[in-house]
Amino acid sequence: MRGVKCPEDRWAWVEVDLDALRQNTAALKRLLARDKQMMCVVKADAYGHGAVQCAKAMRRAGADQFAVATTTEGVELREAGVREPILILSEPPMEAIQKIVDYDLSPAVFDQDFALALGECAAAAGKVATYHFAIDTGMTRIGVNWRDAVKVRRSIDFHRGIECAGTFTHFATADVQRDWDFNMQARRFTDAVYAMQDAGLETGLVHCANTPATILHPDVHMDMCRVGIGLYGLHPAIETRREVRLRPVMSVRGRITRVEHPEVGTGVSYGLTYRVPKPNIQICTVPIGYADGLSRNLSGNMDVLVNGERCRQVGRICMDQFMFEVTVNNVRAYRPTRAVEYGDVVTVLGYDGDEMITADDMAARRETINYEVVCDFGLRLQKIYV
Ligand SMILES: *Cc1c(COP(=O)(O)O)cnc(C)c1O
């Protein structure tokens with residue numbers, strides 16, 4: 001692989017394809033009717049892709065609002081010049097309220113004491129703080145129980161320092177089609193929203209759809225969709241693949257820092273769990289490890305791509321490095337593998353020539369989901385935007 005951009009201080013990086021990100025954003029926005037808003041979820045540093053750069057790219061491709069998980073994540077966006085509304089998807093501790101007010105962030109709210117403290121702080125600053133009212137319709141994570149929505153709202157609505165900008169819930173099973181629990185949650189949510197409207201309470205924007213619901217359940221788009229994983233080109237379920245074309249945004253690459261031709265029987269990495277089984281094997285080192293998000297559970301159970309070919313990772317993955325093997329002069333191979341060299345680019349995730357390693361493939365090997373795979377690579381690797 002030639003002409004790749006690479007950091008100067010370490011031969012390991014995450015490549016973020018902003019074109020793909022913009023295309024995915026636009027493709028998801030096209031699923032929404034014209035009068036609906038799209039809230040782009042950039043929590044956890046945009047699922048490991050870099051929140052500031054991603055938010056700026058999404059903004060031009062159709063993002064109306066952003067969502068984060070923590071106050072600190074919201075502050076980072078504001079300090080980078082993001083002016084759109086920013087929702088914090090959970091209710092932060094009381095101690096965060098001053099920052100929330102200072103930076104005009106909108107927290108999720110479900111506790112009366114929190115709501116009133118937010119109102120007091122905003123009023124003292126001569127502001128009105130906006131919040132989104134969180135309703136628990138069956139996931140049992142955050143929010144007011146759907147039966148108590150009106151009661152809790154009535155207990156806070158007298159305060160002039162707060163204003164409800166949105167009402168939302170979150171689905172536990174939006175990735176399943178024709179699911180009884182999903183329908184139950186949707187019904188409880190609409191019941192709660194109608195009850196609030198009947199009681200004369202302002203709901204603000206009503207929203208509940210994450211990526212799978214946005215793609216599979218247009219009937220719950222309501223006023224706004226909250227899309228996350230799809231923006232990054234990953235599908236939350238098999239069923240969503242048919243409905244929209246998405247391009248993976250993240251690739252993970254490194255360069256070979258050492259090439260050895262060890263004798264047969266030589267061990268590799270901690271525990272020497274792998275020993276060179278035959279002659280003509282190169283053992284190559286790449287400076288990416290589990291502290292970079294490459295799970296140690298993948299040891300001996302993953303491939304990498306070099307010069308467009310698949311090679312087997314061998315030995316235990318270390319904190320900052322791993323090794324892989326290349327069989328050279330393999331006369332029986334359909335296409336003899338060329339020996340690799342110091343500095344060659346190694347792809348851990350993404351394309352190289354016709355070969356590709358996907359986050360779904362890696363997730364299956366780790367017994368997790370593609371969400372965790374990309375979040376993990378956001379840990380330490382430098383990001384290169386292309
Ligand atoms: C993370 C999150 C989302 C986005 O979910 P995706 O499946 O990535 O689209 C939406 N809403 C809430 C409340 C979330 O926590």
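Here are a few notes on the ligand site and on two loop residues in this predicted model.

1. Start with where the ligand is: it sits in the largest pocket. The shell around the ligand counts 14 residues, and the closest are Lys43, Tyr47, Thr211, Ile229 and Tyr371.

2. On polar contacts, the side chain of Lys43 has an N or O atom 2.8 Å from a ligand oxygen. Tyr371 also uses its side chain, with a polar atom 2.7 Å from an oxygen of the ligand. For Ile229 it's the backbone that does this, with a polar atom 2.8 Å from a ligand oxygen. As for cover, the ligand has 390 Å² of accessible area on its own, and the protein covers 93% of that.

3. Which elements build the shell? At least two residues each come from α2 (43-47), α9 (211-216) and β10 (224-227). Sorted by class, the shell has 7 nonpolar, 4 polar and 3 charged residues.

4. Away from the ligand topic, have a look at Thr140, a non-glycine residue with a positive phi, near 60°. Most residues other than glycine have a negative phi, so it's worth a mention. Thr140 is in the loop between β6 (129-136) and β7 (144-145), and is exposed, at 68% relative accessible area.

5. Asn307 is another non-glycine with a positive phi, about 50°. Its place is the loop between β16 (303-306) and β17 (309-314). Is Asn307 exposed or partly exposed? Partly exposed, because its relative accessible area is 27% and the exposed class needs over 50%.

Technical notes
Residues numbered from 1 in each chain as written. Predicted model: local features only at pLDDT ≥ 70, side-chain atom pairs only at ≥ 80, totals over all residues. Heavy atoms only, no water. Near = heavy atom within 4 Å. Polar contact = N/O pair within 3.5 Å; in protein donor to acceptor, adjacent residues only side chain to side chain. Areas by Shrake-Rupley, 256 points an atom, 1.4 Å probe, with all protein chains shown as cover. 1 Å grid on protein atoms, 1.4 Å probe; cavity = no way out; pocket = protein on both sides within 12 Å on 5 of 7 lines; lining within 4 Å. Sits in = over half its atoms within 2 Å of the grid points. Helix = DSSP H or I, 4+ residues; strand = E, 2+ residues; numbered from the N terminus. Nonpolar A, V, L, I, M, F, W, Y, C, P; charged D, E, K, R; others polar. Buried < 20%, exposed > 50% of the residue type's maximum accessible area, 1.4 Å probe, protein only.
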